[in-house]
Structures are given as structure tokens and as C-alpha cells.
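Here is a short briefing for a first look at this structure. Please keep the view open while reading.

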Amino acid sequence: MRVLLISNMYPKEGSYSGIFIKHQVETIEKLGIDVIKAVKRTRNPSGYFPFIFQSIYKLLFCDYDIIHAHYVPHSALIPAMLKWIKKKPLIVTFHGDDARIFPFKNRINRMLTMFVVNRSDKVIARSEEMKEVLEKLGVANKKIVVLGAGVDTNLFHTINKNKAREDLELPKTKYIILFVGRLHKLKGVELIYECARNMPETLFVMVGDGDVKTDLKNCIFVGERRHEEIPLWMSAADILVLPSYSEGLPNVVMEALSCGTPAIVTDVGGCPEVVRDGETGFVVPVGDVEALMDRIKYLIENEDLREKIGKLGRGDMIERYERGEVIGKLKEVYESLHYQPYNQT
């Protein structure tokens, strides 16, 4: 089986952006599926010109059995328009804001989204919450498959905290709160800074790039890091926080839990599905800095609870989100379309 993968987000060397799609490709290839890629590897909008040309060329001239486009309509519009030429099944994956925000901004966005969906054979939603959003949008229930990206529980495993801090040259005597992701308002980083302002003895470590920063002395910014290095940062931390205003199914939270690090998230998107409130971390209301700070302090003051939550979190990720199992289910979706008579949608 040959799959044509089209994605407007795919990491270049050393980048974290879109890494979960790259890892999905690597895992599916190990299962014996050939993947042809048409991808955009830069955040620069000018990268869309070669990406669109590459997508059109491979759609028209490559040999493939299934098209899988990530992000709607950014990557999926061209394959939806050209699908009739080769009459191959089309799968589209919604990742977050493309389902939860984009279609609801205006009528044109909604029309573009539904144009793609109506010409797709399967729609993958990253979470149950996202599935509900898509159903409200008008997507047929029978067309939707809920499937996360999964987490590599072998790469993301528990590392001795003191050893991790020693390797990263972080202080061993301070409590460390970690954030991994874009430094953007939608990620709630300003709420983290407010917590830092009121917790001067606690160190807040921000891993990722972006423009929303602070000059607080107890906030350190280390920029983007190689994906293989992230387990060290997560193991070095006492808590991971992700106080987002919008999310799909956040991989960074799954990775933290897989490392045995408790997570505090907001009740948006698939966050409450990943974090079992009170068991593997805490879920707080969106934009509630007092609740966020209260949960951080509570976990800091209860070392035994942090350890218990950490162990439960790792076990939960192995049971529910281990990447090999998740990608195995994706392969089943591919096979269900490949080995059945094709119906033009």
C-alpha cells in the first residue's frame, strides 16, 4: 500500500513543529506502508507556493492508493479539488484550531471546511471533544474516526530527576515548573508569568520559541530543543503546565505524563481526556490564574502525591496512547478504504 501524505506542517532538522506527523510517518512505514510526502517544512507563508506546486504534482503524477491530508483546509483543499482525477480515497485529519476555531470565523471558512469534508472518505479527529465539534459543524458521525497521534513511551520515559537537572545545568534545590510549546497568548503563557510573579522562589522553564516573553528573573527561556532532548526537560521538572485557551489533543501533555511528570491543563479541547483530573494531574478553568497557581502550589507542597500521580500518568499513557497501538489503528483505517470498492464522494 502506498499513501500520499500532504501536510503544511512538517519539521525540518532540529525543529519541533509538526514532529508528531513525522513520527507518525516513521511508525507507519515500519508497518510496511510506503509513504510519499508533499510537505511544507517552514513556518514562512512563502513556503506555501512550493508546497502547493509539490502537492499538485504528486497528486497528478505519483502512484498511490490513498491520500492522507493533515490540517483542514490548509493541506486538504488541493487534494479535495483534484480527487476526482485519480479517484483515490481521501482521509483528512483535524488537529485542533482547524476544527475548533477556523470554520467558525466566517461563512467562507465554513464553506471551505465543508467542501473538503464532503469530498473526504474518512475524517480523523484528535479527540472526542473535537468529534463533537465536527458533528455540530455538520460532519456525519459515520465518517469520523477519533485517533490521537500517540506517544513514544520508550523515548518518553522516567529519568532520574537529579541526573536530568545535572545534564541540563538546572538547580537541584528549586521547584521547577515547565512549559513546552509556542510562546503565544493562545497557549496561556501570560498566565504562567503571572504565577511566576507571585511565586518568586519557584523556577519556571519555558521551552519553545515565540514573542510573548517576560523579564522576570525566575523565568528562563531556552528556545526550541531537539525532540529527543525533551524527555530530559520533562524529567527535570516537577510539574508541566499548559494553560491553553484552545487545544486539540496535546502531545506535549502525553509526553510529560509518559515521563512520570504531573500535568496541569485547562478544560479545553482534548486536555481533560488526556489528563485524568486528580489522578494524573489537574484540570483548571480556562483563564483562571488563581486556580492554576493553587494547583501548582498544591502539587509542590505534596511530594508523595506528585510521585503517585507521576506513576499513574505513565501507566495511563502506556495503556491508552502508546504510539505503536495508535498507529496500528490508523493502518486499519487505511486498509478499510484500500480493500473496499471505491465510491466517489
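Axes are lines fitted to C-alpha atoms, for helices over the stretch in contact, and angles between N-to-C directions run from 0 to 180 degrees. The model described here is predicted. The protein chain holds 14 helices and 12 strands.

**Overall form**

- The protein chain has 345 residues and a radius of gyration of 21 Å, which agrees with the value near 20 Å for a compact globule of that length.
- Its C-alpha atoms fill a box of roughly 65 × 40 × 35 Å along the principal axes.
- Of the 345 residues, 55% count as buried.
- Take the contacts between residues at least 6 apart in sequence: 65% of them join residues at least 24 apart.

**The six-stranded sheet**

- Strands of a sheet pair through backbone hydrogen bonds, in a parallel or an antiparallel way.
- Here six strands form an open sheet, and their pairing is parallel.
- The order across the sheet is β2-β1-β3-β4-β5-β6.
- Strands β2 (34-39) and β6 (144-146) are the edges, and each pairs on one side only.
- On average, neighbouring strands of this sheet are turned by 20° against each other, direction ignored.
- Inside the sheet, β3 (residues 66-70) pairs with β4 (residues 90-94) in the parallel sense, over four bridges.
- His68 has Ile91 in β4 as its bridge partner.

**Helices across the sheet**

- Helix α6 (residues 128-137) lies across β4, β5 (122-125) and β6.
- The direction of α6 is at about 165° to β6.
- Helix α14 (residues 323-338) lies across β1 (2-7), β3, β4, β5 and β6.
- The direction of α14 is at about 135° to β3.

**A packed helix pair**

- Two packed helices are described by the angle between their axes and the distance between those axes.
- Helix α12 (residues 289-300) packs against helix α13 (residues 303-320) at an angle of about 100°, and their axes are 6 Å apart.
- Angles of 65 to 115 degrees count as roughly perpendicular, so α12 is roughly perpendicular to α13.
- Which residues make the contact? From α12 come Tyr298, Leu299 and Ile300. From α13 come Glu303, Leu305, Arg306 and Ile309.
- The residues of this contact divide into five nonpolar, no polar and two charged.

Methods. Residues numbered from 1 in each chain as written. Predicted model: local features only at pLDDT ≥ 70, side-chain atom pairs only at ≥ 80, totals over all residues. Heavy atoms only, no water. Pairing = 2+ DSSP bridges. Helix = DSSP H or I, 4+ residues; strand = E, 2+ residues; numbered from the N terminus. Contact = heavy atoms within 4.5 Å. Parallel < 35°, antiparallel > 145°, perpendicular 65-115°, else oblique. Nonpolar A, V, L, I, M, F, W, Y, C, P; charged D, E, K, R; others polar. Rg over C-alpha atoms; globule rule 2.2 N^0.38 Å. Buried < 20%, exposed > 50% of the residue type's maximum accessible area, 1.4 Å probe, protein only.
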